[in-house]
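Me: Before we accept the labels attached to this model, I would like to hear the reasoning behind each of them. Please take them one at a time.

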Amino acid sequence: MSSTDSYYSSLEFSSDSFSDISRSVLAHSAPGSDDADFLANAFDQLETGSPSAGFQFNPVDDLWFHNIENVVLQAEDHFFRVPPTLFFAKSSVFSDIYHKRDVSSTSFFTYAYHGNDPKIIEQLGAPGCTIIKMLGVTAVEAATFLSALIDPEYFEGPPARETLEFILAIFKLASKYEVRFLRRRALAHLERVYPCSDIDDWDRREDFSTFSIERQEFHCHPVSSTLTGTLNIIELCTAYNVPWILPTAFYECCLYDMKTLLAHPKWKDCPGSLPNDIKTRIICGYLAHKEESSRVLAFLHTDLPHCENEQVCSNIRRVELRKLCTVREQPREMQDFLGKVWDMSDWDEFVSQGMCNSCLSCCKALHRAFRQVSWDNLPAMYGLPNWDKLRAQRQAL
Ligand SMILES: [Zn+2]
């Protein structure tokens with residue numbers, strides 16, 4: 001069994017077991033310390049087998065390859081020793097680091113150690129050692145990303161199913177360290193649920209999705225964990241220049257009630273919270289959704305030609321409009337102008353109440369047209385370039 005195989009079997013790591021690796025990796029977490037002290041103590045412990053007070057050295061066994069060059073990656077307090085030739089061939093950022101074309105630290109990484117300390121050389125089995133600390137990266141994200149990099153089958157593109165956490169971890173690190181094939185695969189998953197193509201693909205997103213979008217089921221009582229997923233998508237796609245996913249991601253975000261959003265940790269003024277620019281776009285979006293719902297429902301009060309029974313048909317529409325303004329006051333439904341504000345079953349009610357065929361056809365045509373206009377306006381609601389420009393950016397990638 002290869003080292004990688006044993007990694008899978010020991011963790012039973014699959015697309016549905018992101019939490020397994022979280023537990024496995026994080027079960028060994030040690031208290032933080034500054035880098036120099038931490039490394040000194042970590043290698044002391046590795047040598048003597050006796051942990052120094054407050055420290056625990058955590059080489060991740062199945063991402064700790066022996067008999068290779070001594071480049072070690074660090075995320076939080078976990079260390080990964082991976083084949084550099086494979087790894088650096090795929091990552092232009094790390095290739096530059098490895099070949100010393102750029103030895104200055106950036107916001108992406110820093111040198112935790114670089115030298116020839118005899119103690120470290122003995123432990124790693126070869127002279128010279130570079131330990132590169134990945135900044136802003138959790139141990140779980142690093143383990144997921146490195147596993148996908150080493151084994152091409154570890155993370156596959158659609159139609160293979162994955163979890164959103166898994167996809168976002170790989171998208172984040174593949175973008176950060178410029179590993180293009182993994183970034184493309186992660187984006188292919190996201191684009192199935194957050195399309196930039198047309199409204200028909202939006203309508204079919206549940207059928208196309210390769211990860212759970214069950215947040216749609218929490219129309220009236222959204223739970224914060226699903227909102228977290230949406231906010232993470234917005235934050236990462238903004239940070240790593242994928243604007244064509246943002247209109248539909250913002251749309252989904254604005255379906256949650258404002259109270260839930262304002263109570264979310266990412267909205268509070270603390271480290272790791274959303275940038276102000278994103279918050280502004282969300283608030284503008286909330287206001288725009290109200291207007292768009294009115295637009296999509298305009299068929300309820302527009303004059304209709306060729307009616308066969310004007311008194312009945314007008315009354316049906318008038319009653320429905322009144323119901324929407326009184327009964328259907330659930331925030332999410334009225335915010336969902338592309339969906340729940342008016343769905344297919346609502347036409348059945350018109351038929352059962354005796355609306356004439358002419359009015360029914362007109363209403364459906366107007367609804368379809370108003371909905372298309374709203375879809376066309378979607379990027380503008382959140383201060384984004386129009387769909388054509390967003391699709392051009394995608395093509396230029
Ligand atoms: Zn009619």
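Me: What makes Asn-241 exposed rather than buried?

Reply: In this predicted model, Asn-241 has 9 other C-beta atoms within 10 Å, and a residue with 12 or fewer counts as exposed, so Asn-241 is called exposed. Asn-241 sits in the loop between helix H12 (224-239) and H13.

Me: What is notable about the phi of Asn-241?

Reply: Phi of Asn-241 is near 60°, which is a positive value in a residue other than glycine. Most residues other than glycine have a negative phi.

Me: Glu-178 also has a positive phi; why is Glu-178 called partly exposed?

Reply: Glu-178, whose phi is near 55°, has 17 other C-beta atoms within 10 Å. The buried class begins at 20 and the exposed class ends at 12, so a count of 17 falls in between and Glu-178 is partly exposed. Glu-178 is placed in the loop between H8 and helix H9 (180-193).

Me: Why is helix H13 described as largely enclosed by the rest of the structure?

Reply: The description rests on burial, because 8 of the 8 residues of helix H13 (residues 246-253) are buried. Among them are Leu-246, Phe-250 and Tyr-251, together with Glu-252 and Cys-253. For the chain, buried residues make up 36% of the 397 residues.

Me: How do you know that the bond between Pro-158 and Pro-159 is cis?

Reply: The omega of the peptide bond joining Pro-158 and Pro-159 is about 10°, and the bond is accordingly listed as cis. Most peptide bonds are trans. Pro-159 lies in the loop between helix H7 (139-150) and helix H8 (164-176).

Me: Which figures describe the fold of the whole chain?

Reply: The chain has 20 helices and 5 strands. Of the contacts between residues at least 6 apart in sequence, 65% join residues at least 24 apart.

Me: How much confidence does the predictor place in the chain, and where does the pLDDT stay under 50?

Reply: The mean pLDDT is 80, and 72% of the residues reach 70 or more. Over residues 1-33, however, the pLDDT stays under 50, although the model has 48 contacts beyond four places in sequence for this stretch. The pLDDT is also below 50 over residues 46-55, which have 17 contacts in the model beyond near neighbours in sequence.

Methods. Residues numbered from 1 in each chain as written. Predicted model: local features only at pLDDT ≥ 70, side-chain atom pairs only at ≥ 80, totals over all residues. Helix = DSSP H or I, 4+ residues; strand = E, 2+ residues; numbered from the N terminus. Contact = placed C-beta atoms within 7 Å. pLDDT = per-residue confidence, 0-100.
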